[in-house]
Amino acid sequence: MDYPKKILLFGATGSIGTYITEELVKSSSNFDRIGIFTSRSTVESKGDLTQGLKDKGVNIIVGDIKNENDVAAAYQDFDTVVSAVGRGAIVEQIELIRLAEESGTIKWFFPSEYGTDIEYGPESASEKPHQGKLKVRAYFDSSVKRMSHTYLVTGPYPEFYIRSVPGLPNVGGFDVKKKEAVLLGDGEGKVSFTAMPDVGKLLVAALLSPEASQNKALKVNSFTATPKEILAEFEKQTGASWKASYVPLEKLKREEEKSWKEGSPSATSFTLKRIWTEGGTLYEKRDNDLIKPVELKTLEQVVQEGLANA
Ligand SMILES: NC(=O)c1ccc[n+]([C@@H]2O[C@H](COP(=O)([O-])OP(=O)(O)OC[C@H]3O[C@@H](n4cnc5c(N)ncnc54)[C@H](OP(=O)(O)O)[C@@H]3O)[C@@H](O)[C@H]2O)c1
């Protein structure tokens with residue numbers, strides 16, 4: 001296979017894109033070219049980051065993802081696209097995919113996923129936060145004939161899951177300063193996580209294992225833990241007993257409904273937390289073993305880092 005050799009990233013400087021770009025740069029000896037397509041405003045606001053990437057040999061292509069000419073021109077020098085655009089640009093990827101299919105050069109496209117399995121079960125079809133990503137997958141099914149795709153399904157990032165959100169206790173979290181935890185459900189439901197640096201490592205492993213990872217939702221994870229196990233790890237590492245309270249599933253559902261009704265920006269968080277609490281991240285088997293092996297983070301390490309960053 002003569003690709004993937006030339007990788008173009010969208011959303012490379014975003015929350016998860018940063019980790020993906022970092023891992024790609026670390027394994028750049030496997031590739032002939034790594035480039036990022038980014039907006040002028042990002043180059044201006046994150047000048048140090050983009051200059052740092054440039055110094056490491058990354059091509060910085062400045063353009064507008066809504067401008068057909070900018071995108072089509074960028075595609076000419078690459079064979080694979082990795083998109084990590086934010087939620088606000090998920091549906092805009094359909095145009096990026098159409099242009100990639102027409103390009104003749106792009107052979108493999110990773111749309112922005114890196115989260116909850118949007119086709120976990122029949123109920124997934126009506127989950128509000130999944131609608132944009134479902135449209136993207138439907139476009140691949142209906143209109144893409146030439147290019148391969150991979151949907152990297154990672155479940156939640158534990159770094160976000162353990163954070164408590166000021167003013168939003170019912171979304172759950174672990175408050176390091178107060179040594180207080182709000183556990184979702186009965187605290188005993190397993191949730192499967194992928195740590196943010198591992199998303200980058202697993203994506204690179206997927207790129208280096210095309211036969212195993214193409215044309216599917218590749219379901220990967222770092223570790224699985226219950227809210228009570230996370231709390232126990234915080235207590236162990238702080239050497240203290242924490243105050244714990246619970247948001248039972250029914251209460252979580254009421255909060256979810258209320259926040260969608262009010263048009264609250266937290267509505268998506270409530271829905272995703274509810275899906276995770278209901279077991280929507282669990283599988284009999286993972287696809288980690290199908291791709292190149294990588295060393296993954298443990299719950300212990302994530303809690304250690306959570307304490308260090310608090
Ligand atoms: N598993 C989890 O727990 C979890 C958590 C958060 C996010 N995610 C998923 O990860 C993916 C990336 O999300 P993110 O939070 O990392 O992205 P983000 O930081 O919000 O945005 C990433 C980049 O997307 C580009 N972009 C262009 N137009 C945009 C628009 N209209 N709205 C938002 N971004 C735009 C921007 O880059 P340029 O300026 O360079 O174009 C931006 O820096 C999404 O699919 C999201 O659902 C998963």
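**Notebook: two domains and a ligand**

I began with the division of the protein: domain 1 takes 6-154 + 195-221 + 283-294, and domain 2 takes 159-190 + 225-277; these bounds come from an automatic or database domain assignment. A note to self: this is a predicted model, where local features need pLDDT of at least 70 and side-chain atom pairs count only at pLDDT 80 or more, while totals for chains, interfaces and linings use all residues. Residues are numbered from 1 along each chain as its sequence is written, and side-chain values use heavy atoms, with hydrogens and water left out.

**Between the domains**

I looked up the C-alpha centres of domain 1 and domain 2 and found them 29 Å apart. Ten residues of domain 1 touch nine of domain 2, contact being heavy atoms within 4.5 Å. I noted about 780 Å² of buried area between the two domains, 68% of it from carbon and sulfur atoms; this is the accessible area (1.4 Å probe) that two parts lose on being put together, summed over both.

Next I checked for salt bridges (a side-chain nitrogen of Lys or Arg within 4 Å of a carboxyl oxygen of Asp or Glu). The rule finds one across this interface. I also have E127 and R274 down as a salt bridge between side chains, at 2.8 Å from N to O.

**Around the ligand**

I then turned to the ligand, which has 24 residues around it, with T38, S39, T42, S112 and K133 coming nearest; near here means a heavy atom within 4 Å. The side chain of S112 puts an N or O atom 2.8 Å from a ligand oxygen. For ligand nitrogen, I found a polar backbone atom of Y114 at 3.1 Å and a backbone N or O atom of G155 at 3.0 Å.

Methods:
Polar contact = N/O pair within 3.5 Å; in protein donor to acceptor, adjacent residues only side chain to side chain.
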